[in-house]
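Please walk through this structure with the text below, keeping the sequence and the coordinates open side by side. The paragraphs move from one site to another.

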Amino acid sequence: NDSQNIHNEYLKKGYLDSSVSAPSLNAYFDNYKADLFYYINEGEVYKTGNISINAPEFLKLDSDEIISDFKLQKGDILNSTKMKADASKLEYLVADKGFAYAKVYPRTNKNSDFTADIIYDVIPEEKVYIRNVLISGNDRTADRVIRRELYLTEGNLYNKTDLIDSQNAL
């Protein structure tokens, strides 16, 4: 996995065209030493071009406002870690609208001027409603006291923020 890990480090620094070879090992049995080689082609550093969100209309996402809160902005050196964090943030926002199984897939389109446009494809799946809230392992506190601390109850539309707030309150 070392070749892939090295490649991932190059992607964090904006080298989209980088390639890392499989390891090459030269062993010297007379002195018990070895040389390990990786052949790396870096390519050019890419900067972030245009950023867009490709989402269904019924989600009613304010793309400009969401993109302005992203860690990766236009003109920055493209960083795969920041791009994944932005995709997670967008996934979180869609999950707050009731889509518990929403997925966000970032795509990059390379340009000839060593910029890369980023498109976040949003796939919301289906809306989720809370059916049952089961409380178990509780001996001392009455269930109604625990339910007071919950932000989600039966029949509510799923909301990831409320779920995390409920867990923290408990």
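Ser 80 touches Asn 8, Leu 11 and Lys 12, leaving out residues up to four places away in sequence. The coordinates behind these contacts belong to a predicted model. Ser 80 is part of helix H3, which covers residues 80–95. Its relative accessibility is 12%, so Ser 80 counts as buried, the cut-off being under 20%.

Another buried residue is Ile 118, and here the relative accessible area is 0%. Ile 118 is found in strand S7. Its contacts, again without residues up to four places away in sequence, are Thr 48, Asn 50, Ile 51, Ser 52, Leu 72, Leu 78, Met 83, Arg 107 and Thr 108. Among these partners, Met 83 can be placed by its number in helix H3, residues 80–95. A distance along the chain can also be set against a distance in space: Ile 118 and Tyr 129 are 11 residues apart along the chain, and their C-alpha atoms are separated by 32 Å.

Arg 107, one of the residues that Ile 118 touches, also takes part in a salt bridge. Its partner is Asp 121, and the closest N and O atoms are 2.6 Å apart. This pair links distant parts of the chain, with Arg 107 in strand S6 and Asp 121 in strand S7, 14 residues apart. Are the two partners buried or exposed, or something in between? Arg 107 has 37% relative accessibility and counts as partly exposed, whereas Asp 121, at 16%, counts as buried. The two labels follow from the cut-offs, because buried means under 20% and partly exposed covers the range from there up to the exposed limit of over 50%.

How many salt bridges does the structure hold? There are four. One of them joins Lys 110 to Asp 17, with 2.5 Å between the closest N and O atoms. This pair too links distant parts of the chain: Lys 110 lies in strand S6, Asp 17 lies in the loop between helix H1 (2–12) and strand S1 (19–20), and the two are 93 residues apart. Both partners are partly exposed, Lys 110 with a relative accessible area of 45% and Asp 17 with one of 32%.

A further salt bridge is formed by Glu 154 and Arg 147, where the closest N and O atoms are 3.3 Å apart. Glu 154 counts as partly exposed at 38% relative accessibility. Arg 147 is partly exposed as well, with a relative accessible area of 33%.

Charge also appears on the surface in another form. Asp 62, Asp 64, Glu 65 and Asp 69 gather there in a patch of negative charge. Asp 62 sits in the loop between strand S5 (47–54) and helix H2 (63–68). At 41% relative accessibility, Asp 62 counts as partly exposed. Patch members need over 30% relative accessible area, so the value of Asp 62 meets that condition.

The next site is the loop between strand S6 (103–110) and strand S7 (115–123), where Phe 114 lies. Phi of Phe 114 is near 60°, a positive value in a residue other than glycine. Phe 114 has a relative accessible area of 36% and is partly exposed. Glu 125 has a positive phi near 60° too, and is likewise a residue other than glycine. Its place is the loop between S7 and helix H4 (143–148).

Helix H4 contains Asp 143. Which residues does Asp 143 touch, not counting those up to four places away in sequence? They are Ile 135 and Asn 138. Asp 143 is partly exposed, its relative accessible area being 39%.

Ile 135 also serves as a reference point for Leu 163: their C-alpha atoms are separated by 14 Å, while the residues are 28 apart along the chain. Leu 163 is found in helix H5, residues 160–169. With neighbours within four places in sequence left aside, Leu 163 is in contact with Leu 152 and Tyr 158. Its relative accessible area is 31%, and Leu 163 is partly exposed.

Definitions and conventions
Residues numbered from 1 in each chain as written. Predicted model: local features only at pLDDT ≥ 70, side-chain atom pairs only at ≥ 80, totals over all residues. Heavy atoms only, no water. Helix = DSSP H or I, 4+ residues; strand = E, 2+ residues; numbered from the N terminus. Buried < 20%, exposed > 50% of the residue type's maximum accessible area, 1.4 Å probe, protein only. Contact = heavy atoms within 4.5 Å. Patch = residues over 30% accessible without salt bridge, like charges linked within 9 Å, V, L, I, M, F, W, Y side chains within 5 Å. Areas by Shrake-Rupley, 256 points an atom, 1.4 Å probe, with all protein chains shown as cover. Salt bridge = Lys/Arg side-chain N within 4 Å of Asp/Glu carboxyl O. Lys, Arg positive; Asp, Glu negative; His and termini not counted. Charge placed at Lys NZ, Arg CZ, Asp CG, Glu CD.
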